[in-house]
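Please work through the following exercises with the sequence and the coordinates at hand. Each task is followed by a stepwise solution.

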Amino acid sequence: MAAKAFISELKDYIGQDVTISGWLYNKTGKGKLLFLMIRDGTGIVQAVLFKNNVEEDVFEKCEHLPQESSLHITGHVVEDKRAKGGCELQVKEIQVVHVAEEYPITPKEHGTEFLMDHRHLWLRSNKQHAIIKIRHEIIKSCRDYFDNLGFTLLDAPIFTPAACEGTTNLFEVNYFDEKAYLTQSGQLYMEPGAMAFGKVYCFGPTFRAEKSKTRRHLTEFWMVEPEVAFCDLNQNMDLAEGLVSYIVERVLENKRDELETLERDISALEKVKKPFPRIDYDEAAKILKEAGSEFVFGDDFGGGDETIISDKFDSPVMVTHYPANVKAFYMKNDPQRPDRALCVDMLAPEGYGEIIGGGQREDDYETLVQKIKKHDLPMDSFKWYLDVRRYGSVPHGGFGLGIERTVSWLCGRSHVRETIPYPRMLYRLYP
Ligand code: 4AD
Ligand code: MG
């Protein structure tokens, strides 16, 4: 009996017979030959069917087999240097598992809404498949990076009693007799965690009721959030820069095929090198002014502004010291310039926008109480959070890296909707 193999392993079976199981991706024919492109999730291989080698009804059945029908194929593996996987399969036997109905996604062009409605099937397509593979590598690199540095994983809750990132985009849910919110960020839970474990991170889905329809916003997205005790803004930036350059390195090393499938400009990613440029808000504002932007000094940057700033650099740029009043309540103010926050945003190159937000946290009890009041947040919900400043308060900081923004940058996809298996957006809850 022929050995069972995945398509990605076929190179190890050259000269032998194997059985693969998969789906018909595409087919072409020429006289007595049928070329079946078979995919099994690990790769794609061409299976060549010669009429004289199989029963007549098998050949005929395959000639009319619809796209995405599932099958077992036994055949002889031969080397083919031109093929992507380096080999092809000469078919000896075919067993059809299921004859598919007419498949809605064909090689012709489809509109985005149509593809989004068929997201569950669209994931089978070449490019979408490559994006999800790269996403997996990015997520694994994040975990490896922090694990290798001795961080402890501390999962944050999804149901929360309080807002972390402002009250305007909260998803409210009924929690028995109380109101609860879906978490916007695990940060507030990482801060006490850092006091317990020194350095921690959480990795999970976060939620924001974003009413705006932009190419960078999802209502449900994944974030990795480290938090470190005895850490100032500069040390925090070292950590962020280390993470992002590690992710890029890993993707270049392990996911080159997928980048090529996506026709990503790989040379742009190869230019990403530590140290990343560090500029403050004022220098960023100067870049905008010189570029003729309508940006008003004192405001937060818009998406277009971020593109103008990041276009100046090959590597991601870290922008620090924003005006405190455009940033969240938990940011520590710069003692040198009290109207500025000790914060950092990392902007990806090539106009992919902010991938990281973070900074040094307010570590003084009284100052934090004042900030909570100023932001009109319910003091009761933050009592536990204030405890971090009551029992051995220390300078500490951290950041959040948005996974989908990072995937969109590395994959060169302009819209985040393709960077997560099942996107959730203002007008998208299906499938
Ligand atoms: O800058 P943000 O809002 O920072 C925080 O949530 C902090 N509490 C993180 C921390 O310090 N622990 O969000 C962090 C990152 C952004 O830079 C962006 O990459 C991503 O999360 N992000 C989104 N991604 C997709 N859709 C959205 N609606 C996003 N909002 C933020
Ligand atoms: Mg931000």
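The exercises below treat the overall fold, a hairpin and an aromatic cluster.

**Conventions**

This is a predicted model, in which local features need pLDDT of at least 70 and side-chain atom pairs count only at pLDDT 80 or more, while totals for chains, interfaces and linings use all residues. Residues are numbered from 1 along each chain as its sequence is written, chains are lettered from A and ligands numbered from 1 in the order in which they are written, and side-chain values use heavy atoms, with hydrogens and water left out.

**Exercise 1. Describe the chain as a whole and its open sheet of 8 strands.**

Step 1. The secondary structure comprises 13 helices and 17 strands; these are DSSP runs numbered from the N terminus, helices being H or I of at least four residues and strands E of at least two.

Step 2. The C-alpha trace spans about 85 × 55 × 40 Å along its principal axes. Of the 431 residues, 52% are buried (buried: under 20% relative accessible area; exposed: over 50%; partly exposed: in between; 1.4 Å probe, protein chains only).

Step 3. The open sheet follows the order β7-β11-β12-β17-β16-β15-β14-β13, with mixed pairing; two strands pair if DSSP finds at least two bridges between them. Its edge strands, each pairing on one side only, are β7 (152-153) and β13 (278-280).

Step 4. Within this order, β16 (residues 353-360) and β17 (residues 396-402) pair in the antiparallel sense over 5 bridges. Gln360 has Gly397 in β17 as its bridge partner.

**Exercise 2. Determine which strands β10 is joined to, and examine the hairpin it forms with β9.**

Step 1. Strand β10 (residues 178-182) runs antiparallel to β8 (residues 159-160), with 2 bridges between them. Thr160 has Tyr181 as its bridge partner in β10.

Step 2. Strand β9 (residues 172-175) is also antiparallel to β10, through 4 bridges, and Asn174 is partnered by Lys179.

Step 3. The hairpin of β9 and β10 has 2 residues between the strands, and Phe176 adopts a positive phi near 50° there.

Step 4. Phe176 also contributes, with Phe159 and Tyr175, to a nonpolar surface patch of about 370 Å². Tyr175 belongs to β9 and counts as partly exposed because its relative accessibility is 34%.

**Exercise 3. Analyse the ring geometry around Tyr385 and the charge that lies over its face.**

Step 1. A pair of aromatic rings is described by the distance of the centres and the angle of the planes. Rings of Phe, Tyr and Trp (its six-membered ring) pair if their centres lie within 6.5 Å; planes under 30 degrees apart count as stacked, over 60 as edge-to-face and the rest as tilted.

Step 2. The whole structure contains 19 aromatic pairs. For Phe329 and Tyr385, the centres are 6.2 Å apart and the planes stand at 70°, so this pair is edge-to-face.

Step 3. Phe329 lies in the loop between β14 (317-320) and β15 (343-348), and Tyr385 in helix α12 (residues 383-386), so the pair ties together parts 56 residues apart in sequence. Both Phe329 and Tyr385 are buried.

Step 4. The rings of Phe382 and Tyr385 are edge-to-face as well, because their centres are 6.3 Å apart and their planes are at 65°.

Step 5. One aromatic cluster is formed by Tyr189, Phe329, Tyr330, Phe382, Trp384 and Tyr385.

Step 6. Arg389 lies over the face of Tyr385, 4.4 Å from the ring centre (criterion: NZ of Lys or CZ of Arg within 6 Å of the ring centre and within 35 degrees of the ring normal).

Notes:
Patch = residues over 30% accessible without salt bridge, like charges linked within 9 Å, V, L, I, M, F, W, Y side chains within 5 Å. Areas by Shrake-Rupley, 256 points an atom, 1.4 Å probe, with all protein chains shown as cover. Salt bridge = Lys/Arg side-chain N within 4 Å of Asp/Glu carboxyl O.
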